[in-house]
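Trainee: I would like to learn how to read the empty spaces in a protein model. Please take me through them one at a time.

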Amino acid sequence: MVEKARRSISESVEGTDTGDFRLFDWGQLVLAALIFGSAFLWIALALRSIDPGTIAFGRVALGAAALAMLSRARRSVARADRPRLVFAAFFGMAAPALLFALAEERIPSALAGMLISAIPIFAAALVATATRTWPSRRRLTGLAVGFLGILLLTAPDLGGSEAEMTGVFMVLGAVLAYAVASMLYAPLQQTYGSLPVTMWLLIVSTVMLSPLGIIGLTQSSAESLPLASLLILGVIGSGAAWAMWVGLIGRVGAVRAATAGYIIPIIALVLGVVALDEHIEPIQIAGVLVALAGGYLLSRGKTR
């Protein structure tokens, strides 16, 4: 008999461990952030010959296939929890996968990665709404510092063309969708485990994106580097990384797991400069440091 996720969002959103991050928590967060940060490079490379719809479909399909090979992931989800799973799949994976691919046709990969820093802000606001509690003074300070970091990161790029602004809004839409979905992961993860939840999220997302993926094939061509990039993006960037992040959310809560959004810009910036010859401004480097300070404040446990 399949157990139902009985805990509500407000009961589970803080996670099962409200203390300070342990070494394992930091390791899991940093590793997931490294993989998520590199995803923007893989998307940029895949776009050289693959349609955005096919990239979005391919990454979730490959991630689902990789996790389905693991026996621990093949666990059923109770019928009562499936609507929540579908909702989380749309907002957490299907919609962002498409929006990021479309956005990187318009803006540099580094800027797309830097905008991920908004995740903790959106997540904290949603958690406060769901739990009907005002964030602690330390978390408010962390949010304020993180927001200042985001302003510094994006300031040089926000005065661009209409296409660039469209790309920025696409990424911010994906970030908001991530925050919405992160509210739903904890009760599911705490009941079924990270691997089954992530696998089913990816399978549902694959079904959702299949029409766009098939249509996009007519606008794509088979080239080795884009195909290899899509493979890495799917198996590692969507399968392994998402399983780690869903597990982290269940353990430390949506807001503190979202501090990965303060590490991702560093990876996106470095890879954008080194691999794609993208330009960054000194103010953006300052923004990364400020955002990391905000992420540290958010990572701390509840005040005793």
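Trainee: How many residues of the lining of the second largest pocket are nonpolar, how many polar and how many charged?

Mentor: Keep in mind that this is a predicted model. A lining can be sorted by residue class, and here the count is 12 nonpolar, 1 polar and no charged. The lining has 13 residues, and Leu-115, Phe-147, Ile-150, Thr-154 and Leu-172 are the ones nearest the centre of this pocket.

Trainee: What is the volume of the second largest pocket, and which helices each supply at least two residues of its lining?

Mentor: The volume is about 180 Å³. The helices are α6 (119-131), α7 (137-154) and α8 (162-192).

Trainee: A pocket is open, while a cavity is a space the probe cannot get out of. How many cavities of 30 Å³ or more does the structure hold?

Mentor: There are 3 of them. The largest cavity encloses about 170 Å³, and 15 residues line it. Nearest its centre lie Phe-36, Phe-100, Ile-116, Tyr-178 and Ile-264. Two elements, α2 (23-46) and α10 (224-252), give two or more residues to this lining. The top contributor is α2, with 4 residues.

Trainee: How does the lining of the largest cavity divide by class?

Mentor: It has 13 nonpolar residues, 1 polar and 1 charged.

Trainee: What is the volume of the second largest cavity, and which residues line it?

Mentor: Its volume is about 50 Å³. The lining residues include Arg-59, Met-93, Tyr-178 and Trp-242. Tyr-178 is thus listed for the largest cavity and for the second largest one. By class, the second largest cavity has 6 nonpolar, 2 polar and 1 charged residues in its lining. Here α4 (82-103) is among the elements that give two or more residues, and its 4 residues are the largest share.

Trainee: Ile-264 was named for the largest cavity. Which residues of α12 are buried?

Mentor: Buried means under 20% relative accessible area. In α12 this applies to Ile-264, Pro-265, Ile-267, Ala-268, Leu-269 and Gly-272.

Trainee: Why does the span of α12 agree with what is expected of a helix?

Mentor: A helix span can be estimated from its residue count. Helix α12 (residues 264-276) has 13 residues, so at 1.5 Å a residue it should span 18 Å, and its end C-alpha atoms are 17 Å apart, which agrees.

Trainee: Which residue follows α12, and is its phi positive or negative?

Mentor: The residue is Asp-277, and its phi is positive, near 60°.

Key:
Residues are numbered from 1 along each chain as its sequence is written. This is a predicted model: local features need pLDDT of at least 70, side-chain atom pairs count only at pLDDT 80 or more; totals for chains, interfaces and linings use all residues. Side-chain values use heavy atoms; hydrogens and water are left out. On a 1 Å grid over the protein atoms alone, a cavity is a set of points where a 1.4 Å probe fits but cannot get out, and a pocket is an open set with protein on both sides within 12 Å along at least five of seven lines; lining residues have an atom within 4 Å of a point. Grid points are joined across faces, edges and corners, and a volume is the space filled by probe spheres set on the points. Ala, Val, Leu, Ile, Met, Phe, Trp, Tyr, Cys and Pro count as nonpolar, Asp, Glu, Lys and Arg as charged, and the others, Gly among them, as polar. The expected span of a helix is 1.5 Å times one less than its number of residues. Buried means under 20% relative accessible area, exposed over 50%, partly exposed in between (1.4 Å probe, protein chains only).
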